[in-house]
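The following exercises concern strand pairing, nonpolar packing and cysteine geometry. Each task is followed by a stepwise solution.

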Amino acid sequence: WRGGSGGGGRVPGTEAWDGAWYKRAFFDDGSPLGSASQLEARIDLIAQAWGVLSEQATPEHQRMAMEAVEAQLVDAEHGLVRLLTPPLVHAQPSAGYIQAYPPGVRENGGQYAHAGVWALMAAAVLAQREPGDIFARNTPYRYFTYLSPAHRAAHPQWGGVYGVEPYVMAADVYSAPPYTGRGGWSWYTGAAGWMHRAALESILGLHLHADELWFTPSLPAHWPQAEITLRREDRAMRFVLVRAKPQNALAACALPNASLLPLGEHLRWKGLALQSCFVIALLPAA
């Protein structure tokens with residue numbers, strides 16, 4: 001964005017694009033937070049994810065911002081998407097309360113669940129534009145496994161150090177030694193709500209509105225099939241997503257009374273029978 005006059009930390013005539021990613025904010029003296037010109041907090045996850053989700057950035061800037069996330073904030077070895085890097089320690093002006101956290105803990109560079117989920121959702125948006133890019137198609141689910149307590153706890157390396165419940169969302173996972181991979185504040189209901197949305201909307205691709213729904217999924221390439229049963233009012237609607245050409249999808253499922261629902265086609269669900277089943281054909285994995 002281009003800052004207007006007045007306060008709020010925005011600087012008149014200054015763009016938030018930093019050359020390869022978005023700055024997070026501006027201090028009152030005009031200096032940036034989340035810029036390559038800084039020694040600490042050079043890049044921040046929230047600005048990159050919302051550069052995509054806001055739909056205000058150009059497609060090229062969106063792609064570059066998320067490439068910077070992958071290159072600088074993702075720690076694939078430990079299954080982390082860090083909030084920022086390097087952590088804040090001595091930065092001036094101070095970034096405020098987040099700088100009071102130890103490096104790599106919670107909002108000073110740990111994997112912070114809210115921002116991680118937003119990155120997952122942003123990655124799914126980009127994956128929709130590149131259906132032939134296997135890496136892009138797999139990225140949303142890969143981020144999901146980093147954020148999912150069940151996947152983390154069951155992992156042969158990550159599970160042993162996670163240390164919190166495997167069945168509830170944690171607000172954060174530490175990203176700095178000697179506690180890399182340790183779970184933080186658990187039972188974090190706000191993050192759980194976002195994670196639920198990401199699973200349904202970004203990975204399974206369900207878009208549910210008051211009177212209609214449609215699907216634009218971002219399933220990982222190794223999933224041949226997925227399904228969801230949606231209950232609304234008195235209706236039970238079963239949707240089966242299958243990697244097959246449309247003419248083969250119904251036969252692959254062999255479900256009675258199933259109908260094909262093309263990708264992206266809007267379905268007025270309030271007019272359906274009390275029990276219904278739809279098959280959605282997906283592009284086969286390359």
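**Exercise 1.** Which residue in S14 does serine 259 stand opposite?

*Solution.* Serine 259 stands opposite phenylalanine 278 in S14. The model is a predicted one, in which local features need pLDDT of at least 70 and side-chain atom pairs count only at pLDDT 80 or more, while totals for chains, interfaces and linings use all residues. Residues are numbered from 1 along each chain as its sequence is written, and side-chain values use heavy atoms, with hydrogens and water left out.

**Exercise 2.** Establish the order of the strands in the open sheet of four strands, and describe their pairing.

*Solution.* Step 1: fix the terms. Strands (E, at least two residues) and helices (H or I, at least four residues) are DSSP runs numbered from the N terminus; two strands pair if DSSP finds at least two bridges between them.

Step 2: take the pairs in turn. S11 and strand S12 (residues 235–243) run antiparallel and are joined by eight bridges; here alanine 226 stands opposite leucine 241 in S12. S12 pairs with S14 in the parallel sense, over eight bridges, and valine 240 is placed opposite valine 279 in S14. S13 and S14 also run parallel, with three bridges joining them.

Step 3: assemble the sheet. The order is S11-S12-S14-S13, with mixed pairing. Strand S11 (225–232) and strand S13 (258–260) are the edge strands, each pairing on one side only.

Step 4: consider burial, where buried means under 20% relative accessible area, exposed over 50%, and partly exposed in between (1.4 Å probe, protein chains only). Strand S14 (residues 275–282) is largely enclosed by the rest of the structure, because seven of its eight residues are buried.

**Exercise 3.** Which residues touch the most other members of the largest nonpolar core?

*Solution.* Step 1: a nonpolar core is a set of buried Ala, Val, Leu, Ile, Met, Phe, Trp, Tyr and Cys residues joined through side-chain atoms within 4.5 Å.

Step 2: the largest core has 54 residues, of which Leu45, Val69, Tyr143, Leu213, Phe215 and Phe239 touch the most other members. Helix H4 (residues 113–129) supplies the largest share, 10 residues.

Step 3: examine phenylalanine 215, with contact meaning heavy atoms within 4.5 Å. Neighbours within four places in sequence aside, phenylalanine 215 is in contact with residues including Ile228, Phe239, Leu241, Leu261 and Ile280.

Step 4: another core, of nine residues, lies apart from the largest one; among its members are Val240, Val242, Ala258 and Val279.

**Exercise 4.** Is alanine 191 buried or exposed, and which residues is alanine 191 in contact with?

*Solution.* Step 1: alanine 191 lies in helix H8 (residues 189–203). Its relative accessible area is 0%, so alanine 191 is buried.

Step 2: leaving aside neighbours within four places in sequence, alanine 191 is in contact with Ala113, His114 and Met169. The C-alpha atoms of alanine 191 and valine 117 are separated by 7.9 Å, although these residues are 74 residues apart along the chain.

**Exercise 5.** How many disulfides does the structure hold?

*Solution.* Step 1: a disulfide is a pair of cysteine sulfur atoms within 2.5 Å. The structure holds zero disulfides.

Step 2: cysteine 253 is in no disulfide, the nearest cysteine sulfur being that of cysteine 277, 7.2 Å away.

Step 3: cysteine 253 counts as buried because its relative accessibility is 13%. Cysteine 277, at 9% relative accessibility, likewise counts as buried.
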